[in-house]
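User: I'd like to learn how to read a protein model feature by feature. Could you walk me through one, starting from a single strand pairing and working outwards?

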Amino acid sequence: MHSKVVKTVCPFCGVGCGMYLSSDAKGEVCGVAPQLDHPISRGKLCDKGWSTVYAVSPENRITQPLKRERDKFIPISWDEVLCSISASLLDTIEQYGPQAVGVISSARATNEDNYAAQKFARAVLKTNNVDHCARICHSPTVAGLKQVLGSGAMTNSTEDVFKADVLMVIGADPTENHSVLGGQIIQAKQAGATLIVVDPRVTRLAKLADIHLQLQPGTNTALINAMLHVIIANRWHDQAFVEQRCEGFEALAKHVEKVTPESVEALTGLDPQLIRQAAEYYSQSERSMIMYGMGITQFMAGTTNVIALADLAAVCGHIGKPGTGINPLRGQNNVQGACDMGCLPNVYPGYQLADDPNVQAKFAAAWGGEVASTPGLTSMGMTKAALAGKFKSLILFGEDPVVTDPDQNHVREAYQALDLLVVAELTMTETAKLADFVLPAASFAEKNGTFTNCERRVQCIHPVIPPVGEAKGDWQWLQALAKAMGSDQLDWPETEAVFDEMASLTPSYQGMNYPKLEHDYGLQWPCNDDAPQGTTILHQQQFPIGKARLIPAHYVPIDEPIDEDYPLLLTTNRLHFHYGCGSMSRKSPLLERETPPGILFINPRDAGRLAIKPFAAVGVRSRRGYVETRAMVTEDVPPGVVSMPYHFKEAPSNQLTNTAQDPVTKMPELKACAVSVAALPANHEPSPVWKLKGGGYA
């Protein structure tokens, strides 16, 4: 076997940095290097990107299909596993109907894999029960931006960071989560841009900001309405833009008329003068750019928060121009693509509505067979239905809901209640441990395909090594399973054919093909006859819905405020050195050594009151669960608020988090729940959650 070098895309977040991977004569990945002229990463990679070799290494990889035999797994052949799974699925559908089966696809898999997954659900299983992790990160982005602007994606490009006069980062921590982009924000600030950071925590960017609005968790809408009040009262809005391109301004102005900065002071905890200053900076600059993350979306008010931000951008005319826009920062490398591909119960590829008879007819004709017509379940809907005995079989790949979904014990119980759980994975995750069958998945370094980053850029990835052992790409094992079930719906000869079929049915991808994507670092959708070279900035002339619809956003308090029993408010965060459930990043000894397996950030005042010393063992309890971890005593969280990452299976924040949901998108309120924290005995080592009584682990 010869060594080789390929051009590909980093798999660790939604920024989409360009990298080279090299393999050695043994057929193993041995080197990583940044693409020096890449338009996004500009010759940089973050620590996770540099550690890609460990993420895809053969160590701990699942290399052949496995079948559960009581409490252990035994290897079986692909023929056996496909025969068993297909027989079980056909039996379940015959007995209970297609509503009893479903698919959870992956924001870490390619567009081609995700397109195949939703087609498998709709055309083979005949169900709309298909979802992925956008449900618990950016589903409110799609819902909220679509209502106001007509399209639920980042409006501008990452390069616009260098063109903005004002950068407003709200509910996001880019230096941790999107490190290369975070570094570019720092560069822009150093070059003279004004930086406004809105976050309950003192993030690295907050320490550099011109204004840090350190608000109480869950009060985003109240703050934005107060900013709108100041802007409209001072006539700082863009009158011409509002008249020409928006509707509903009068109703919005009336809604915020009495929402003064003083009226929200007690609620948000913010100095009214700071709110006024932020409103002036944002509205009065030539080019202001909003970037936001899950500190906006992961609330019961997630969709409302997004609507409020879209109102703010539109009222000030900061949209459709360079250095402006409203820009959600996507967490996983292909979460934008998985949404674009229709891995959501309510939409087909390209956000074509699943309950629209014309859309159903279009896809039925294109695919040459009936498609699902009954409304589908979300991932958490499937969990709930499984607990109620109404949902029986789940196929899941590249996700670890037992670690990443809220109320972990609830998820575990639901998956144990299933008649059939099939998991395709690289390594034995906590979810895979519950499966009836585990399939060996190919990593991004072993397959062709495309990823779509947060700025809508579709880029090609290439294999540098063959799949490890008997591993298959996700669309390939889905194709084999469809054939075993008697369907030729997924009958593609190679990956490019999957993309071509998808592009022909997805208006925003219609002008794309592999040769065009290979040229000049991909294309940004929409790419079609009107925009053959793609679109760097959305909404330059008009909105897809004609005029932007300004919608009054009503403040919704968090579901679970603190009380005597649970006197601290827990929020969640990510860490620079880790990614998702940790199944990839924690294979790197370089990344793993940086952080103990699980931490709780706590303010010195709270730590002092509870007699908690730095790095001491603590117990954290909510109404749903209990974990033990180590305290990181820091002024970076305010008194009354504690924060935990979810990367660590030993001490996962999702033992504790709340399942209360945004009514529009079923987004759980992961960013706020009430907890109690107690010091543990001095020499106590924190117990991993599976060793704790009542931890919910077998």
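Analyst: Sure. This is a predicted model, and a good place to start is one residue and its partner: Asn573 stands opposite Pro645 in β27.

User: How many bridges hold β23 and strand β27 together, and in which sense do they pair?

Analyst: To read a strand pairing, look at the bridges and the direction. Here β23 and β27 (residues 641-645) run parallel and share five bridges. β23 also pairs with strand β28 (residues 673-679), through three bridges, and that pairing is antiparallel. One position to look at there is Leu569, which has Ala674 of β28 opposite.

User: Is strand β23 mostly covered or not, and what about its two faces?

Analyst: For burial, go residue by residue, then sort by face. β23 spans residues 568-573, and six of its six residues are buried. One side carries Leu568, Leu570 and Thr572, the other Leu569, Thr571 and Asn573, and both sides are covered.

User: Staying with β27, is Met644 buried or exposed?

Analyst: Met644 sits in strand β27. The cut-off for buried is under 20% relative accessible area, so Met644, at 0%, counts as buried. You can also compare sequence and space: Met644 and Cys673 are 29 residues apart along the chain, with their C-alpha atoms 12 Å apart.

User: Let's try a polar side chain. Where does Gln459 lie, and what does its side chain reach?

Analyst: With a polar residue, check its cover, then its partners. Gln459 belongs to strand β20 (residues 457-461). Its relative accessible area is 5%, so Gln459 is buried. The Gln459 side chain reaches the backbone oxygen of Gly16 at 3.1 Å. There is also a side-chain to side-chain polar contact of 2.7 Å between Gln459 and His38.

User: Which other residues does Gln459 touch?

Analyst: Leaving out residues up to four places away in sequence, the residues Gln459 touches include Val9, Ile40, Gly449, Thr450, Phe451 and Tyr521. Gly16 and His38, the two polar partners, are on that list too.

User: Now aromatics. How should I describe a pair of rings?

Analyst: Use two numbers: the distance between the centres and the angle between the planes. The count for this model comes to nine aromatic pairs. Take Tyr348 and Phe363: their ring centres are 4.5 Å apart and their planes make 25 degrees, so the pair is stacked. Tyr348 is in strand β14 (residues 347-348) and Phe363 in helix α17 (residues 357-367), so this pair ties together parts 15 residues apart in sequence. Both Tyr348 and Phe363 are buried.

User: How is the pair of Tyr348 and Trp367 arranged, stacked or tilted?

Analyst: Tyr348 and Trp367 are tilted, at 6.0 Å centre to centre with 45 degrees between the planes. This pair links distant parts of the chain, with Tyr348 in strand β14 and Trp367 in helix α17, 19 residues apart. Tyr348 and Trp367 are both buried.

User: Which residues do ring pairs link into a cluster?

Analyst: The cluster consists of Tyr115, Tyr348, Phe363, Trp367, Trp475 and Trp492.

User: Back to sheets. What is the strand order in the open sheet of seven strands?

Analyst: For a sheet, write down the order, then find the edges. The order is β5-β4-β18-β17-β16-β6-β7, and the pairing is mixed. The edges are β5 (72-75) and β7 (130-131), each pairing on one side only. At the β7 end, strand β6 (residues 101-104) runs parallel to β7 with two bridges between them. Ile104 has Asp131 of β7 as its bridge partner.

User: Finally, zoom out. How many helices and strands does the chain have, and how does its radius of gyration fit a compact globule?

Analyst: There are 25 helices and 28 strands. A compact globule of 698 residues would have a radius of gyration near 26 Å, so the chain's 24 Å agrees with that. The C-alpha atoms fill a box of roughly 70 × 65 × 50 Å along the principal axes.

User: What share of the residues counts as buried, and what does the surface come to?

Analyst: Of the 698 residues, 65% count as buried. The accessible surface is about 24,500 Å², with 50% of it belonging to carbon and sulfur atoms. As for contacts, among those between residues at least 6 apart in sequence, 74% join residues at least 24 apart.

Note on methods:
Residues numbered from 1 in each chain as written. Predicted model: local features only at pLDDT ≥ 70, side-chain atom pairs only at ≥ 80, totals over all residues. Heavy atoms only, no water. Helix = DSSP H or I, 4+ residues; strand = E, 2+ residues; numbered from the N terminus. Buried < 20%, exposed > 50% of the residue type's maximum accessible area, 1.4 Å probe, protein only. Polar contact = N/O pair within 3.5 Å; in protein donor to acceptor, adjacent residues only side chain to side chain. Contact = heavy atoms within 4.5 Å. Pairing = 2+ DSSP bridges. Rg over C-alpha atoms; globule rule 2.2 N^0.38 Å. Areas by Shrake-Rupley, 256 points an atom, 1.4 Å probe, with all protein chains shown as cover. Phe/Tyr/Trp six-rings, centres within 6.5 Å; stacked < 30°, edge-to-face > 60°.
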